[in-house]
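The following note concerns the ligand site and the aromatic pairs. Please read it alongside the sequence and the model.

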Amino acid sequence: MQQAIEIGRFITFEGGEGSGKSTQVNILAERLSRSGRPVFVTREPGGSPAAENIREVLLSGQVAQFGPLAESVLFATARADHIENAIQGALQQGQWVICDRFVDSTRAYQGAMGGVPRALINALEQLTVGPVMPDITFILDIPAEEGLARVSARAEGQDLDRFESQELMSHERIRRGFLDIADEEPGRCVVVDASQPEAMVAEDVWETVLQRLNP
Ligand code: TYD
């Protein structure tokens, strides 16, 4: 008789520019793999071939002229495809899915910063995400100024994309947006102080994963 496969766990990382999400995604993936768990690392916008096409359009800035509502519709479209053609399959195979940004980025960037009404964001979430919500969402919190300084250090000599070139005030609004989500959903979200050294952030993340999901 075939053994039933355990459904995988779903972990997302959120945060503003320069919060070190990608590094933490990789460290956690490595640790979970070492503990014997199959891991699938992905990102948004993107993560499936069709969603990666939408990513290109979004990051090129061409959608910006239509405003944040149009952007949130496109982020949601990409997300629906990503879930259907990548995330769900991985979870059903028992993989631990780690995603760099997910639904909370739309709430924070297009909602809190862009002013798209919450009711619209909720409706898009219901249509696209449905029950596929993360088991844990790490919100890597860093003051906007510190985060932006890190990004410009990292991107020296490179052009910043449209999103990265938005100013400080917008970024504080995004930060506030993420912190509000954490207040609203403490069962899912964990705020981690991302101004700490990388290794300490990684420890906080790992401790939470051990406590909440026992890999
Ligand atoms: P990316 O180059 O992946 O940068 P980062 O390292 O910050 O994740 O760019 C993704 C950008 O898209 C980022 O500025 C946040 C933005 N974004 C939204 O505005 N809404 C969303 O729903 C998502 C997923 C991302």
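1. Which helices each supply at least two residues of the shell around the ligand? They are α2 (49-60), α3 (68-92) and α4 (103-113); helices here are DSSP runs (H or I, at least four residues), numbered from the N terminus. The largest share, four residues, comes from α4.

2. The model is predicted: local features need pLDDT of at least 70 and side-chain atom pairs pLDDT 80 or more, while totals for chains, interfaces and linings use all residues. Residues are numbered from 1 along each chain as its sequence is written, and side-chain values use heavy atoms, without hydrogens and water.

3. The ligand is surrounded by 15 residues (a heavy atom within 4 Å). Among the closest are Lys21, Arg55 and Thr106. Polar side-chain atoms of Thr106 and Arg55 lie 2.5 Å and 3.0 Å, respectively, from an oxygen atom of the ligand.

4. Three aromatic pairs are found in the whole structure (ring centres within 6.5 Å). In one of them, the rings of Phe10 and Phe102 have centres 5.0 Å apart and planes at 80°, so the pair is edge-to-face (over 60 degrees). Phe10 belongs to strand β1 (residues 10-15; strands are E runs of at least two residues), and Phe102 to the loop between β3 (96-100) and α4, 92 residues apart. Both Phe10 and Phe102 are buried (under 20% relative accessible area, 1.4 Å probe, protein chains only).

5. Tyr109 in α4 and Phe178 in α7 (residues 168-184) are also buried. Their ring centres lie 6.3 Å apart with planes at 75°, so this pair is edge-to-face.

Methods
Polar contact = N/O pair within 3.5 Å; in protein donor to acceptor, adjacent residues only side chain to side chain. Phe/Tyr/Trp six-rings, centres within 6.5 Å; stacked < 30°, edge-to-face > 60°. Buried < 20%, exposed > 50% of the residue type's maximum accessible area, 1.4 Å probe, protein only.
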